[in-house]
Amino acid sequence: MSAPLFPCQEIGSLQKPSLEALGEWEDRLHFLARLGPVPEEVLRHPDVATLQNLRAAFAIAFLESAGLDRVYDGEARRVEMYEYAVRQMTGVEFQGHVRSWDSKYYRKGTVVNPVDLVAPYHLEEYDFVRDHARVAVKLPVTGPYTLADWSYNEYYLARQPGWKGRAQRRAAQRELVVDLASKVLRPTLRALIEHGCRVIQIDEPAAGTHPDEAPLVVEGFNEATRGLDAEFSMHICYSRYQDLLPALLEAKACRQWAWEFANRDSDGHDGYEVLKVLREYSDTRSIGLGVVDVHRDTLETPPLVAERIGRAAKYLGDPSKIWVNPDCGLRTRSLNVAYAKLEAMVQGARLARAQAEGRSA
Amino acid sequence: MNAAPVPVHAGLTSPFPRSERLITATRDLDRRRTTPELVEKAYVEAENELVTLEERLFTNVTAGYLRWNDLFRPIAETWGGFSVGPLTRWLETNTFFRQPLLASPPRRTPGAIAARLPPPLASRARVARVILPGPYTLLKVLENRSDVPDVDLLSQLGHLLAEEVRELNGSGFGVFQFSDPILVTAPPEGREKDGVSEAYRSIAEANPSATTIVWTFGAEAGPALPLLDRLPVSVVGIDLTDTEPETLRPGPARLGLGLGIVDPRTTLPESLSETVGVVREALRRRPSSSVWLGPGAPLDLLPARPAEQKLLRLSDVRHALLREGIT
């Protein structure tokens, strides 16, 4: 029997709840039961490790309760996707914050020496999720191209001779991406697989930043995954995907594209039309379909989600290729809004499934 | 007879990064951990510190446009016909802007842009640089859901920006920079070229005595230079970190040359001697009546501290050129 259509997954981050919020959510989710007995005093004044465990258990229960088929821990142990990874390596120093948009910022590092790995990372968090989740697990890990693009490249650029123009920047960037992929990412991915991790999402939100560098995104992905056996996907967002094709299709080990679409699907603008391009290239990989906008509080309705899924299925020509997810991590939304969006997403997927199978939901 | 020395101007060409203190304040406001009054105080302090630094280093001041969430937001939020749309990547960077959505023919709201200029500029209008989106870039980033065809819309945007120039000029402002990177990242073709010229003609006619700068960055400027040279502006700005100086050709004598010479995509400090050499090479290839130095791409791609270092280097380059003289 074939698997049900339109399974649901998350993409990554959730807002980190305060102790007070954890208490409120415990009444709904009963996530503490997953941790075994925790003394009341420890719950009132947890140390950092305990608080991280509480948040991870909460996130797993939160995502499972919303009805997802694949979960993780909301990146509860990571400062954020760039800084956490960079702190696991040598060669990078932090300079300060830069703005991503409005009053959202991230801390940006400068590569001052050759990059190298201190020790494989995400292992402890993966072990915890594996041991506490009741459904399948998908681990997000920041990809080499994004780590390079979000850093200031001093060391590799300084080695380029003369005035540091466009050609010198490109050459330096390639050296950095390849070093990150081979020295940092691949050993980490190998260790994760040895711990039993089977589904790994390589996050490359920077992939669309310089469309003509799409081959370098692919080179980084292939270098990072070379010789490894797992179900790899690539998450990209806020990009013109058609500009990255067909170069992206050379990502050999990638089995799924997890992309953002809902952000651009409004008021008569079809955010999913680009999927036709994948069909034109006869690309057979599955698609992680972004159906809820993670940057607005406005709640998508289940019928809207179902309509988006149906439209995407039509463009792809094969509904079985679709996994349903938010556009991106939900960390910028309040937990209440994030939960409501996930619920709408799951209900929408259910509705789309019923429609595809010719029955009522 | 000795040729007259070429005047060398310098100044910011984009919003400046928010300081770490201001970042904390704006984040705290998002998280309801502080009050709007305290954030306003942080803005005022940061603006005053920056404008003091600019007055010491440069010929123009901006006060950093620290309150602007993106280059287009003041227009998207205040001009009629516009609303604020989805998060969209800003050129080849990891920063995003809210796409302006245009539902009906655009209408200017008198006084609205003036009210959003950094407050310290009001008392420094004579040396202030007003930074606005260029008409072509504004056209290309917005989503046009109105029934106005793009070519006509370009002309209308030019007229509206000209109205802004006229109004601000009435308040004493005399230097207007139009940030128009898409002129080089995706140069206009066919009728759009004429549309760009017409839009800038409207702006020039709004006040012929004002200094108008078209500032480009993000790609090699060479292919767009024939068009840029035809624009009725005072200064054409190109980013030397994207354009090889060897590719420059002579332009009209009336045009000043803007040169982006510090790169906000790396914290690596520019070499003073190399940068002075590159400016000299650019001027040898393209002699000009005036030089306007600045960061190429927006400096708010850097954190505040390294951005300040870049400003100091920019000033060093200007002083080296003034010391050695260029003719």
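## Sheet, helix packing and chain contact

Chain A contains an open sheet of six strands in the order E5-E7-E8-E9-E10-E11, with parallel pairing. The model described here is a predicted one. Strand E5 (139-142) and strand E11 (322-326) of chain A stand at the edges of the sheet; each has a single partner strand, so one side of each is left without a neighbour. Direction ignored, neighbouring strands of this sheet are turned by 25° against each other on average.

Within the sheet, strand E8 (residues 231-236) and strand E9 (residues 254-259) of chain A pair in the parallel sense over five bridges. Met234(A) stands opposite Trp257(A) in E9(A). Helix H12 (residues 302-316) of chain A packs on the sheet, where it touches strand E10 (286-292) and E11 of chain A. The direction of H12 makes about 150° with that of E10(A).

Two other helices of chain A pack on each other. H8(A) and helix H9 (residues 214-225) of chain A meet at an angle of about 30°, and their axes are 7 Å apart. With that angle under 35 degrees, H8(A) is therefore roughly parallel to H9(A). Their crossing is right-handed. On the H8(A) side the contact is made by Gln173(A), Arg174(A), Val177(A), Val178(A), Ala181(A), Ser182(A), Leu185(A), Arg186(A) and Leu189(A). H9(A) contributes Leu216(A), Glu219(A), Gly220(A), Glu223(A), Ala224(A) and Thr225(A).

Chain A also meets chain B: 34 residues of chain A are in contact with 35 residues of chain B. The elements giving two or more residues to the side of chain A that touches chain B are strand E2 (89-101), strand E3 (104-117), strand E6 (152-153), helix H7 (155-158) and helix H8 (166-194) of chain A. E2(A) gives the most, with seven residues. H8(A) is thus named both in this list and in the packing with H9(A).

The table sets out the residue classes in the two contacts.

| Contact | Nonpolar | Polar | Charged |
|---|---|---|---|
| Side of chain A that touches chain B | 10 residues | 14 residues | 10 residues |
| H8(A) with H9(A) | seven residues | four residues | four residues |

One further helix remains. Helix H3 (residues 48-66) of chain A has 19 residues and reaches 27 Å from its first C-alpha to its last, close to the 27 Å expected at 1.5 Å a residue. Gly67(A), whose phi is positive, near 105°, follows H3(A).

Terms used:
Residues numbered from 1 in each chain as written. Chains lettered and ligands numbered in written order. Predicted model: local features only at pLDDT ≥ 70, side-chain atom pairs only at ≥ 80, totals over all residues. Contact = placed C-beta atoms within 7 Å. Helix = DSSP H or I, 4+ residues; strand = E, 2+ residues; numbered from the N terminus. Nonpolar A, V, L, I, M, F, W, Y, C, P; charged D, E, K, R; others polar. Axes fitted to C-alpha atoms, helices over the stretch in contact; angles between N-to-C directions. Parallel < 35°, antiparallel > 145°, perpendicular 65-115°, else oblique. Left-handed = near helix turned anticlockwise from the far one by under 90°. Pairing = 2+ DSSP bridges. Expected span 1.5 Å × (residues − 1).
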